[in-house]
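Please walk me through this structure, starting where two chains share a sheet and then moving out to the individual chains.

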Amino acid sequence: MFWKNLFSSDDPSNQSRMDSSDTLERAKRFFEKMEQRAKDLMQEVKESGQLIADADQDPYKRSYLQFKAAIIAQFTGMIDKGTQTYHSQIMPKANFATMLPLSQLYTTWQTNLLNMMEESFEGIQERNLEKEYQEIMEQYNQARKGFLCKQCGAELEIQQFYYTASYITCGFCQSQNMFDPGSQARLVEHMAIPLARARSKVQYENYRQQKEAVGQKAATPAYEQYAQAILNEMNKILPGNETQNQNFYDRLLKDFHKFHVAW
Amino acid sequence: MFKKLLKNLTENITDVAKDMMSEKMNMPSGDHTSQMEGYGQADMQKIFDEGAASKGVKTPNTATEDPNDPLLQPVHGISIYDYAAGAAKIGEGCTDDEICATLGVERPLWDEAKTIWNNRMRDDQTFNVINVYSKYFGKAKEHEKLSGLKAAKAPETTVPEGKAAETLTRLETDKHYFFEIQGAMEAAYATGMDGAQWLVDELGLTVSQVNNAGVKYMNDFSIMAEMMDFQEQKKKEYSERFSKENGTSGVADDIEF
Amino acid sequence: MKNNKSSSLVERLKEMAMQQKREAVSQTSADSSVRCCKNCGAPRAKQDGLSKCAYCGYEFFDVTLTQGIHIQKEDNSK
């Protein structure tokens, strides 16, 4: 009698099993379609992203960032929609047999979408910092040769790279001239950290490998080497800033210990 | 939520988006108010302050201004208030030279002060300096020298000056309107627009002016918690409007369960 | 096969981003100047500091210089 009822199509528990297997199928189709759409979007971004970054002449790359923000919003919007649908339409129809597969379906799907969001922009070089930096320095080195003291007319020696307005003493009459390096040179201050990081990729990769092999705590010396490499580069890019750059190095290490190496 | 607010300042867009997503996904519904009510009658600002303190971090409420703090000493006579108010004015369209002339300092002094103040905020693990800066950023209107400074060349807009000034007052006094505009800005970026330019075109104001008007809201965690759902709702409404106007609706909008 | 929804969205977003009108970022070239005393016309010499005119005491600025990046406490006029 029990077995007959279990497989009887008139049995309400049988009806709910059919509903829930239907739910599982529908959920699979829904998440598959959403994932395919995300994949299509990722493909399009991978094809266009670098072209947009390269074409953007704004000094702050605002057009590329505007594009990127909208794409990120598309991905987060899809994840939102999937999450809302999962909680409000799918899970209420689940039973103890389908709860786990549905949950796994959702979790896998949202992990895939997050990965696709990241992958969309992987390898896209927002700006070629090294090229920009070299162009700015070339321009600066050309420009600084032509300055004359505004008091006595002698050649004004601008001996180093200044990224802020600075007082330069005339070697002949000792007058303090005010030197303004121009807007391009000023950008270097904001490029220093990302450029220093880009130049320290070898040390970074070494740290990553160490971390994989022996864990984060044991990889601390490798991270310190990476931080030191960044510091060395920053001192080259921003001469005279050594104290400030050292503070940044100290913060990098403090953060590493505080947020990554808890014990 | 604490984790998001304590984020390293140099984190990039995708990492922040990923973290926000993982927080959202752990919440069963979009209704944050019910989450807050789950904390009982607790003072959200107090909870946030205590949570932050446990990590050795200051908040706008708990930031201190110790006169002997080396990180808060003036740089070439330029105090953190001078710097913050100057930054607010630059956000309105004033130039560095206009700031210098008004403060009575020369450009090399101001440039070094900007670098040093920026670096102090960057390197301060306790977030105290940035919280003190934020407080003074919001008080630019009261700065002894800079309050009266008007940009010789403000951003181009068709919005009349009087109307823009009215909107600014409304942002300062109408909490709902302030968070509506925050939601609108987010919606603009999400639908492919330049949110900052939209503010200039639509309201005749810069991002800096808008944010300055609402510093007292942004520094109060209880208000932020209270207004989160409202801002989200407004963001949705503006997103629908902007995406229709621009043809940039969700790429998966047609897919149904 | 290109998905039309994704490709037309990306095209539209690209168009909006690249055609976005903004305030032009002002570009300035490197430049130099000398500031002389308003009272007596004397320039500032390195050894006399930056804040006061060594000849007539005119104040170029009334703030006290601290240990900065290139500008140091020693640059305060006595």
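**A sheet across two chains**

Strand E2 of chain A, residues 176-180, is joined to E1(C) by four bridges, and the two strands run antiparallel. The model is a predicted one. Two of the residue pairings can be named. Asn177(A) has Val34(C) as its bridge partner in E1(C), and Asp180(A) has Asp31(C) as its bridge partner in that strand.

The pairing belongs to an open sheet of three strands, ordered E1(A)-E2(A)-E1(C) and paired antiparallel. E1 of chain A and E1 of chain C stand at the edges with a single partner strand each, so one side of each has no neighbour in the sheet. On average, neighbouring strands of this sheet are turned by 35° against each other, direction ignored.

The wider contact between these two chains takes 38 residues from chain A and 30 residues from chain C. On the side of chain C that touches chain A, helix H1 (4-18) and strand E1 (31-34) each supply at least two residues. H1(C) gives the most to that side, with seven residues. By residue type, the side of chain C that touches chain A divides into 12 nonpolar, 12 polar and six charged residues.

**Chain A as a whole**

Chain A has nine helices and two strands. Read from the N terminus, its elements follow the order α-α-α-α-α-β-β-α-α-α-α. The radius of gyration of chain A is 29 Å, whereas the globule rule gives 18 Å for 263 residues, so the chain is more spread out than a compact globule. Taken along the principal axes, the C-alpha atoms of chain A fill a box of roughly 110 × 45 × 25 Å.

Of the 263 residues of chain A, 33% count as buried. Among contacts in chain A with a separation of 6 or more, 61% are accounted for by residues 24 or more positions apart.

**Where chain A meets chain B**

Chain A also touches chain B: 44 residues of chain A are in contact with 32 residues of chain B. Several elements of chain A each supply at least two residues of this side, namely helix H2 (12-55), helix H3 (62-90), helix H4 (99-121), strand E1 (166-169), E2 and helix H9 (242-260). H3(A) gives the most, with 20 residues. The side of chain A that touches chain B divides into 17 nonpolar, 14 polar and 13 charged residues. E2(A) thus has a place in two settings, because E2(A) supplies at least two residues of the side that touches chain B and E2(A) is also joined by four bridges to E1(C).

**Inside chain B**

Within chain B, a loop residue comes next. Ala140(B) lies in the loop between helix H8 (128-137) and helix H9 (161-173) of chain B. Is Ala140(B) buried or exposed? Ala140(B) has 23 other C-beta atoms within 10 Å, and the cut-off for a buried residue is 20 or more, so Ala140(B) is buried. Not counting residues up to four places away in sequence, Ala140(B) touches Ala85(B), Ala88(B), Lys89(B), Leu146(B), Ser147(B) and Asn212(B). Asn128(B) is 12 residues from Ala140(B) in sequence, and the two are 19 Å apart in space, C-alpha to C-alpha.

Arg170(B) lies in helix H9 of chain B. Arg170(B) has 14 C-beta neighbours inside 10 Å, so this residue counts as partly exposed. Its C-alpha atom is separated by 9.0 Å from that of Ala213(B), although Arg170(B) and Ala213(B) are 43 residues apart along the chain.

Another helix of chain B, H14 (residues 221-246), bends by about 45° at Met227(B). Met227(B) is also one of the buried residues of H14(B). The others in that list are Phe221(B), Lys234(B), Lys235(B), Tyr238(B), Ser239(B), Phe242(B) and Ser243(B). The buried residues of H14(B) pack against helix H4 (44-54) and helix H10 (175-190) of chain B. After H14(B) comes Gly247(B), which has a positive phi, near 70°.

Note on methods:
Residues numbered from 1 in each chain as written. Chains lettered and ligands numbered in written order. Predicted model: local features only at pLDDT ≥ 70, side-chain atom pairs only at ≥ 80, totals over all residues. Rg over C-alpha atoms; globule rule 2.2 N^0.38 Å. Buried ≥ 20, exposed ≤ 12 C-beta atoms within 10 Å, placed from the backbone. Contact = placed C-beta atoms within 7 Å. Nonpolar A, V, L, I, M, F, W, Y, C, P; charged D, E, K, R; others polar. Pairing = 2+ DSSP bridges. Axes fitted to C-alpha atoms, helices over the stretch in contact; angles between N-to-C directions. Bend = angle between axes of the 7 residues up to and from the residue.
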